[in-house]
Amino acid sequence: MSDANSRFEVVVVGAGPAGLAAAAAAAESGRRTLVLDATPWLGGQIWRGREAKGGSGSAKRWLARLQATDAVVARQTTVVAAPRPGVLLAESPEGPREIGWETLILTIGARELFLPFPGWTLPGVVGIGGLQVLVKGGWPLDGKRIVIAGSGPLLFAAGAEYRAAGADVVLIAEQTDLGKLARFGLSLPRLAPRKITQAAQYQASLLGVPYRPGCWAVSAQGADRLEGVTLRSSRRTWTERCDVLATGFGFLPNLELPRLFGCRTANGAAVVDDRQESSQAGIFIAGEPTGIGGEGRALVEGLIAGFSAAGRLERAGRLEKKRRRAMAFSRAMDRAFALREEVRNLASPETLICRCEDVARRDLEKFGDWRAAKLHTRCGMGPCQGRICGGAVEKLYGWDAASNRPPVFPVQIGTLRDPEPGSRGASK
Amino acid sequence: MAEIVSLTINGRPVRVPSGTVVAAALALAGESRFRRSVAGHPRGPLCGMGVCFECSVTIDGRPHCRSCQTLCAEGMEVRTDE
Amino acid sequence: MYGCDVAVVGAGIVGAACASECARAGLSVIVFDRGPVGGGTTAAAMGHVVVMDDSEAQFALTSYSRRLWRDLAAELPAEVHYEACGTLWVAADEEEMAEARRKEEFCRVRGLRAEILDEAALREAEPNLRPGLRGGLLIPDDAVLYPPSAAMFFLGRAPQNKIEFRAGSEVRALNPDGGVILGDGTRISAGLTVNAAGCGSPDLTAGLPVKKRKGHLVVTHRYPGHIRHQIVELGYLKSAHSVSSDSVAFNVQPRANGQMLIGSSRQYGAEHPGVEFGILRRMLERAAMYLPDLGRLVAIRSWAGFRPATPDKLPFIGPSAGNQKIWLATGHEGLGITSSLATGRLLADMVLNRPSEIPVAPYSPARSLLEGKAHG
Ligand SMILES: Cc1cc2nc3c(=O)[nH]c(=O)nc-3n(C[C@H](O)[C@H](O)[C@H](O)COP(=O)(O)OP(=O)(O)OC[C@H]3O[C@@H](n4cnc5c(N)ncnc54)[C@H](O)[C@@H]3O)c2cc1C
Ligand SMILES: Cc1cc2nc3c(=O)[nH]c(=O)nc-3n(C[C@H](O)[C@H](O)[C@H](O)COP(=O)(O)OP(=O)(O)OC[C@H]3O[C@@H](n4cnc5c(N)ncnc54)[C@H](O)[C@@H]3O)c2cc1C
Ligand code: FES
């Protein structure tokens, strides 16, 4: 297994902005580098699909920067376990792969936070980011009536993108209040000057779409699919007819893999030092898993991780100021979009919390913690392994739904079983 | 221009541009129920990124495939019978 | 302060069964556990209710307990997922087929249903097994269930004014005069105390020869009908018997919801609670030898647990050798789910001086193994 395709000095898991930056930095520094991603795409949630279309702006720049290096790229390669120290087990279309690493960089991104409300399981209720990703994969929105209800700066970008795809965006409902939003807006010029131009662009493309702060969805209606959504603001409650409800309340770091390696986490994020190194020596973490901060933070953290992994601490150190600014922006965002009590608590007793096992809130209420609830209701035992309901119960009850058992993703038994995995599947 | 990929969805032929994910092909074909939950409720994609498993369908006879993470391929057979 | 008649340490399936039987007989009971109901080894188990015949005593306990399960079946709530799917013992070769016949005879003589399957009948019973297996033995009355919910059901089944459950209560020591001392120093007195702490029982009763025997399991996505019985290789006996080395055996279970549990492994001396890949792989390799399509099915998760094992593979049920106020209900190794009901019943019989349906002597903690040291 000393195959050239199965041992690398630096292995980067996840090829979003953070992973592309990390792999580029490590490879530019002369390290034999592999970057792999579970999807067929490079660019993560934000840039997926851009590669084929030639890319634009920063997507194009970063993809080109990586391509100029000797870094090896493996697509459709999902890391599922760590069978031995220094070895990853991954599933790929060619079969299982064991990949040896000396330094590991985890840039595995985040997922959306969903807060259950009556009707949220109907087909037609989709994640805000989730729908953006689906649109990048060809999901049709032409002529569809869409309500966006949730929280965070993504609502603007999403609205603009859905509209560009032909959707009729009826309304954007932001749960946070105008006051908080205004304070956030005022702090933008200092924290992230580029975001101002971005925001202006979105605003222009969303001309005529009402943007309502202090407003949220309380329930979705429909028989076999979504037909309408009931919204509430401080002044009124009303119903909008729609084909799609895009919902989401910001992002949750993906921590299954860091936890599998025993990396320390605190307050729902991986703990890293100034060089992006985790509590486990030789394992670096960058981008969303260390705290939600968007593309800008992901890129700078990725670079720092890549340079640090290659031992170029001085080079990494020069990015410190940028990193601090990105983190300040994250904190401002957290304050501005803090969840209001009402939206945490929209689920009725009958509302399903666990969508894999159909566990209703009523059934969870009897238990005092996640483990007891899980053991006795099967909440979180389905294929998503608590990735969706875990965030919900944390917001509902303050339960810690952490998990660290392999496989990190559901995987073919053959992948776990094969002791002599193939080593094909890596391509440039 | 984009190439065209032909596949079948619940036995019906469907043509989509290459680069389309299976979930999008299902939507293009007018399907809204991708699977039934353990209690029999209709479900469709939620996360779009491969973590919720609500978009699971049977692809070429293999059940439990995430349609949002799978690209359409020539001759692929997709069923929404979970 | 007089707390109760019986203090039970451990709300695993064994402690829950003991507490339930005592409370149903009118005694006041408090159950202590550092975690939730059924959160210890009970949460890691497969939930196979199976008659085993390593020894007459093991057979007596497991067959008695299986009968109690069957009597209770109609009362079990849906979440216990009890299904009398039967056990299919698979014989790969002539040697194992001879063992199948011996087992069949053993059961028949003792009045239990058992049926020999030839190669064709085996294929018909389980079409996904690989061709070329020699045959098998069907034990139709064995069952499967979901153990944590069964433990919960036991506690709920007792009269609620007689039973109290204290979750999150670490027991630091057993009071030699009856009762327990909690982690925070609180003393709660009791007429007698039952140490049903599973793998934690030797921490409370010094010298108790209960050792951890680690086991791994894998759970799959839903594949209804892929298998129909709990299927176990007869070679399993070779593995379960080896007391020294690590071993794996083919042992798969269909869950009521279409999922499958894949086992099994046995390790001594493994202290690390996490999943070990080497043994997991051997276990899956073994399973795929019998179910060739297994490799294409999706695994959702794996985990490991510790069986509380005794040197002679029989549990300790009854008053401890050194102290009549401290009782034991522990050491059930890989059969605690099966024998929980019988354990609870026998323990209550002894506490109340009722006659028991089967002899209790073989499970007495006073048997020579105790090195004479076991006391509170
Ligand atoms: C669903 C979704 C949609 C989003 N859409 C937008 C958008 O349109 N515009 C925008 O500005 N921001 C969007 N965001 C936010 C955006 O992801 C962040 O701002 C930022 O780009 C994150 O970069 P990252 O590199 O940290 O993570 P990501 O871009 O999320 O990249 C992580 C990568 O790791 C891979 N991965 C994860 N686990 C494994 C594993 N075990 N094995 C192999 N690979 C793995 C994933 O496939 C993914 O490609 C979205 C976020 C989500 C969750
Ligand atoms: C992989 C595997 C598969 C198995 N499959 C089967 C099967 O198919 N069929 C079968 O019959 N058996 C099976 N078993 C065996 C079965 O799980 C055990 O025999 C049974 O669960 C033991 O139950 P228990 O109540 O004695 O122990 P536990 O369930 O461990 O309960 C003991 C309880 O005591 C508590 N505790 C311990 N110390 C203290 C303390 N100091 N203070 C407070 N609380 C304390 C613990 O928290 C725990 O909840 C399997 C076991 C394993 C590991
Ligand atoms: S939509 Fe969530 S996994 Fe595909």
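The legends below describe close-up views of a predicted model, taking the interface of chain C and chain A and then the surroundings of ligand 1.

**View 1. The interface between chain C and chain A in the predicted model.** On one side of this interface stand 33 residues of chain C, and they are in contact with 31 residues of chain A. The area buried between the two chains is about 2,700 Å², and carbon and sulfur atoms give 56% of that area. Within chain C, the residues that lose the most area to chain A are F277(C), R281(C) and R301(C), which together account for 28% of what that side buries.

**View 2. Salt bridges and polar contacts between chain C and chain A.** The count of salt bridges between these chains is 3. In a salt bridge between E98(A) and R281(C), the two side chains meet at 3.0 Å, taken from N to O. R281(C) is also one of the residues of chain C that lose the most area to chain A. Across the interface as a whole, 14 residue pairs are found in polar contact, with both residues of each pair at pLDDT 80 or more.

**View 3. The elements and residue classes on the side of chain C that touches chain A.** At least two residues of this side are supplied by each of helix 6 (147–157), helix 9 (277–290) and strand 16 (298–309) of chain C. Strand 16 of chain C gives the most, with 6 residues. Sorted by class, the side of chain C that touches chain A has 17 nonpolar, 11 polar and 5 charged residues.

**View 4. Strand pairing between chain A and chain C.** Strand 22 of chain A, which covers residues 411–412, pairs with strand 16 of chain C in the antiparallel sense, and this pairing runs over 2 bridges. Where Q412(A) is concerned, the bridge partner in strand 16 of chain C is V298(C).

**View 5. The residues that surround ligand 1.** Ligand 1 is surrounded by 37 residues, of which the closest are A18(A), D37(A), V79(A), Q132(A) and G294(A). The site is shared between chains, because the residues that surround ligand 1 come from chains A and B.

**View 6. Oxygen atoms of ligand 1 and polar atoms of chain A.** For D37(A), it is the side chain that is concerned, as one of its N or O atoms is 2.5 Å from an oxygen atom of ligand 1. For A18(A), a polar backbone atom is 2.9 Å from an oxygen atom of the ligand. A polar backbone atom of Q45(A) likewise is 3.2 Å from an oxygen atom of ligand 1.

How values were computed: Residues numbered from 1 in each chain as written. Chains lettered and ligands numbered in written order. Predicted model: local features only at pLDDT ≥ 70, side-chain atom pairs only at ≥ 80, totals over all residues. Heavy atoms only, no water. Contact = heavy atoms within 4.5 Å. Buried area = accessible area lost by both parts, 1.4 Å probe. Salt bridge = Lys/Arg side-chain N within 4 Å of Asp/Glu carboxyl O. Polar contact = N/O pair within 3.5 Å; in protein donor to acceptor, adjacent residues only side chain to side chain. Helix = DSSP H or I, 4+ residues; strand = E, 2+ residues; numbered from the N terminus. Nonpolar A, V, L, I, M, F, W, Y, C, P; charged D, E, K, R; others polar. Pairing = 2+ DSSP bridges. Near = heavy atom within 4 Å.
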